[in-house]
Amino acid sequence: MRTHKFLKLHSIIVFLFIFSVTLIISCSCTYQRMFYYPDKKNLEIQITEYPSENIFLTSKNGKQINCLFVKSNVAPVATILFLHGNAGNITHWKKPLETLAKNGFQTFIIDYQGFGKSEGKPKHKTLLQDAETALSYIKMRDDCKNIKLIVLGTSIGGHLAITLTKKHQNNINALVSEGAFTSHNEIATYMVPWFIKPLARLTVLSQYRAKKNIKQISIPKLIIHSTDDAVIPFAMGKKLYKNATEPKEFWEIKGKHIHGILDYETEYIHKLKNIIG
């Protein structure tokens, strides 16, 4: 009788363990999908005042990603690898791209897998693969050689930019992040209702965390965050700055989430030029 009860208890424990693991894996995949809101409808961008080049690159998993290289009409001050946020696509960044070109920056912007004309589906892992593919391509271009390189990321792209820079800082001159969060786990836990927070802490997984990786970056860093940011809490920007090593600068602004270059064009350009000396 005792053996029967033990076997029954053992079966229940095994069932609960398998159920819990399945739930965690399922929720983790669900939460990962909830991070991305790509736009695949508005796909055309017209930049007429500055030379531009539409490029497709093959990412590490074989998917084609769409990229746009916008040049300046003057000798470039620097090349910018631009990593946008978790929504929209390249076309949403027309005005900032033109602003950068007007001020002497040539910018290489990518649509992650699943965004715009890019193939595949967005995942934390593939975003990093896409960014690394773009970085490798930039370093091979003749018109980018002997020119300083800035990695500039906004929102989820800011989080991504920190990890990319940590892995490849020998090939990068400066890092700029705007409206970035500290980790996928912390932002997911922050956003969900209180009764789901414990589950989010357990199930939102990622291979990289900005708050950890920024500690290992030795090149110049500019961290931008708005006190009015209604998407990513201002405190996360401050935490990234606190964790960062010197040389570093924190720029506190006001206004909507990742609207810095739109609302503070002159100051933004000045800081970009200043960070590369």
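This is a short talk about one predicted protein model, covering its salt bridges, a helix, a surface patch and a few backbone details.

Hi everyone, and thanks for coming. Please keep in mind throughout that we are looking at a predicted model.

Let's start with charged pairs. How many salt bridges does a search of the whole structure find? The count is twelve. I'll walk you through a few of them.

Take K60 and E132. Their side chains form a salt bridge, and the closest N and O atoms are 2.8 Å apart. K60 sits in the loop between β2 (52–58) and β3 (64–70), while E132 belongs to helix α3 (residues 124–140), so this pair ties together parts that are 72 residues apart in sequence. Now look at how the two partners are covered. K60 is exposed, because its relative accessible area is 55% and the cut-off for exposed is over 50%. E132 has a relative accessibility of 6%, so it counts as buried, the limit there being under 20%.

Stay with E132 for a moment, please. Which lysine of helix α4 also meets E132 in a salt bridge? That would be K167, with 2.9 Å from N to O. Since K167 lies in helix α4 and E132 in helix α3, this pair ties together parts that are 35 residues apart in sequence. K167 counts as partly exposed, at 45% relative accessibility. There is also a network to find on your screens: salt bridges that share partners join E53, K71, R141 and D143 into one group.

One more pair is worth a click. K102 and E265 form a salt bridge, with 2.8 Å between the closest N and O atoms. Here K102 is in helix α2 (residues 94–102) and E265 is in helix α10 (residues 265–275), so the pair ties together parts that are 163 residues apart in sequence. E265 itself is partly exposed, with a relative accessible area of 26%.

Next, let's go back to helix α4, the home of K167. This helix covers residues 156–168, which makes 13 residues. Here is a nice check you can do yourselves. At 1.5 Å a residue, the helix should span 18 Å, and its end C-alpha atoms are indeed 18 Å apart, so the two values agree. Is α4 mostly covered or mostly open? Mostly covered: ten of its 13 residues are buried. Among them are I156, G157, H159, L160 and A161, and I162, T163, L164 and T165 are buried too.

A lysine can be buried as well. K211 is in helix α7 (residues 210–213), and with a relative accessible area of 19% it counts as buried, because the cut-off is under 20%. What does K211 touch, leaving aside residues up to four places away in sequence? Its contacts are T182, E186, K239, L240 and N243.

Now for the surface. Y190, M191 and V231 form a nonpolar patch there, and together they have about 300 Å² of accessible area. V231 comes from the loop between β9 (221–226) and α8 (234–243). It is partly exposed, at 36% relative accessible area.

What about cysteines? A disulfide is a covalent bond between the sulfur atoms of two cysteines. This structure holds zero disulfides. Two cysteines you can look up are C67, which is buried with a relative accessible area of 0%, and C144, which is also buried, at 7%.

Finally, some backbone details. As background, most residues other than glycine have a negative phi, and most peptide bonds are trans. Where is there a cis peptide bond? Look between E246 and P247, where omega is about -5 degrees. P247 is in the loop between α8 and β10 (248–253).

Two residues also have a positive phi without being glycine. N146 has a phi near 60 degrees and sits in the loop between α3 and β7 (149–154). I258 has a phi of about 50 degrees, and its place is the loop between β10 and α9 (260–263). Their surroundings make a good contrast: N146 is exposed, at 85% relative accessibility, whereas I258 is buried, with a relative accessible area of 16%.

That's my tour. If you open the model later, try starting from E132, with its salt bridges to K60 and K167. Thanks for listening!

Definitions and conventions
Residues numbered from 1 in each chain as written. Predicted model: local features only at pLDDT ≥ 70, side-chain atom pairs only at ≥ 80, totals over all residues. Heavy atoms only, no water. Disulfide = S-S within 2.5 Å. Buried < 20%, exposed > 50% of the residue type's maximum accessible area, 1.4 Å probe, protein only. Patch = residues over 30% accessible without salt bridge, like charges linked within 9 Å, V, L, I, M, F, W, Y side chains within 5 Å. Areas by Shrake-Rupley, 256 points an atom, 1.4 Å probe, with all protein chains shown as cover. Salt bridge = Lys/Arg side-chain N within 4 Å of Asp/Glu carboxyl O. Helix = DSSP H or I, 4+ residues; strand = E, 2+ residues; numbered from the N terminus. Expected span 1.5 Å × (residues − 1). Contact = heavy atoms within 4.5 Å.
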